[in-house]
Amino acid sequence: MSDDDSKTEKKPIVIKNATDLQRLKLEKLMKNPDKPVVIPDPPKLKSLASAPDFVRNVMGSSAGAGSGEFHVYRHLRRKEYARQKFIQEKSEKEKLDEEYHKKIEQNRKEAEQKTAKKRAKRLKKKKTAKLKSKIPKTDDKDKVLSESESSDEDNLEENDKNKEKEIESEEKKL
């Protein structure tokens, strides 16, 4: 056999998974790129005709009705039942859609509240760190003071306490 015979001879393609199927479809489309691809329209919503307001000359399925009227009655009855079923299905679908949108809105609000809470916490932490950095830190080595400087030390302690109170009041405001 020559090379031309082996090329014309087709090997059966075995589809093992969904990716193989997708690849096969794409290869088929790409063989002729000039050919337009038909994309089907989405399914249209079905609608039924409204029930007639007044039906004349229908005796129903009761005694005394002619044999022809029963079939007319049965047809109108089936039509009305189908219309009522359609209305119920439509209302159920609208109810489910409404619940779905409410759930989405609720999830979005909860996410916003969480992010707002975390944002406030970050800002609070940032402000407290900023306020604490403004307070001068005293070294342990400087605490060894003479007796004459002990009155100055009392004033420094009072100033430190006042600054701590200011920080606490700032934190409470946040």
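This report covers confidence, salt bridges, polar contacts and one surface patch in a predicted model.

**Confidence**

The mean pLDDT over the protein is 78, and 70% of the residues reach at least 70. Among the elements, α3 has the highest mean pLDDT, at 90, while helix α1 (residues 3-8) has the lowest, at 56. In residues 144-148 the pLDDT falls below 50, and this stretch makes 1 contact in the model beyond near neighbours in sequence.

**Salt bridges**

The whole structure contains 5 salt bridges. Three of them are listed here with the distance between N and O.

| Pair | N to O distance | Helix and spacing |
|---|---|---|
| Arginine 23 and aspartate 20 | 2.7 Å | α2, 3 residues apart |
| Arginine 83 and glutamate 80 | 2.8 Å | α3, 3 residues apart |
| Arginine 108 and glutamate 112 | 2.4 Å | α3, 4 residues apart |

In helix α2, arginine 23 and aspartate 20 are separated by about one turn of the helix. The two partners differ in exposure: arginine 23 is partly exposed, with a relative accessible area of 45%, whereas aspartate 20 is buried at 16%. Aspartate 20 is classed as buried because its 16% is under the 20% cut-off.

In helix α3, the spacing between arginine 83 and glutamate 80 is also about one helical turn. Here arginine 83 is partly exposed at 22% relative accessibility, and glutamate 80 is partly exposed at 22% as well.

Further along helix α3, arginine 108 and glutamate 112 lie about one turn of the helix apart. Arginine 108 has a relative accessibility of 38% and counts as partly exposed; glutamate 112, at 45%, is also partly exposed. This pair belongs to a network of salt bridges that links Glu105, Arg108 and Glu112.

**Polar contacts**

Asparagine 17 sits in the loop between α1 and α2. The side chain of asparagine 17 makes a polar contact of 2.7 Å with the side chain of threonine 19. With a relative accessible area of 41%, asparagine 17 is partly exposed.

Threonine 128 belongs to helix α3. The side chain of threonine 128 comes to 2.8 Å from the backbone oxygen of lysine 125. The relative accessible area of threonine 128 is 14%, so this residue counts as buried.

**Nonpolar surface patch**

Leu26, Leu29, Met30, Val37 and Ile39 make a nonpolar surface patch of about 540 Å². One of these residues, isoleucine 39, is found in the loop between α2 (18-31) and α3 (67-134). Isoleucine 39 has a relative accessible area of 69% and is therefore exposed, since the cut-off for that class is over 50%.

**Summary by element**

Helix α3 holds the salt bridge between arginine 83 and glutamate 80, the one between arginine 108 and glutamate 112, and threonine 128. Helix α2 holds the salt bridge between arginine 23 and aspartate 20. The loop between α1 and α2 contains asparagine 17, and the loop between α2 and α3 contains isoleucine 39. For reading these details, the mean pLDDT of α3 is 90, and the average over the protein is 78.

Definitions and conventions. Residues numbered from 1 in each chain as written. Predicted model: local features only at pLDDT ≥ 70, side-chain atom pairs only at ≥ 80, totals over all residues. Heavy atoms only, no water. Patch = residues over 30% accessible without salt bridge, like charges linked within 9 Å, V, L, I, M, F, W, Y side chains within 5 Å. Areas by Shrake-Rupley, 256 points an atom, 1.4 Å probe, with all protein chains shown as cover. Salt bridge = Lys/Arg side-chain N within 4 Å of Asp/Glu carboxyl O. Helix = DSSP H or I, 4+ residues; strand = E, 2+ residues; numbered from the N terminus. Buried < 20%, exposed > 50% of the residue type's maximum accessible area, 1.4 Å probe, protein only. pLDDT = per-residue confidence, 0-100. Contact = heavy atoms within 4.5 Å. Polar contact = N/O pair within 3.5 Å; in protein donor to acceptor, adjacent residues only side chain to side chain.
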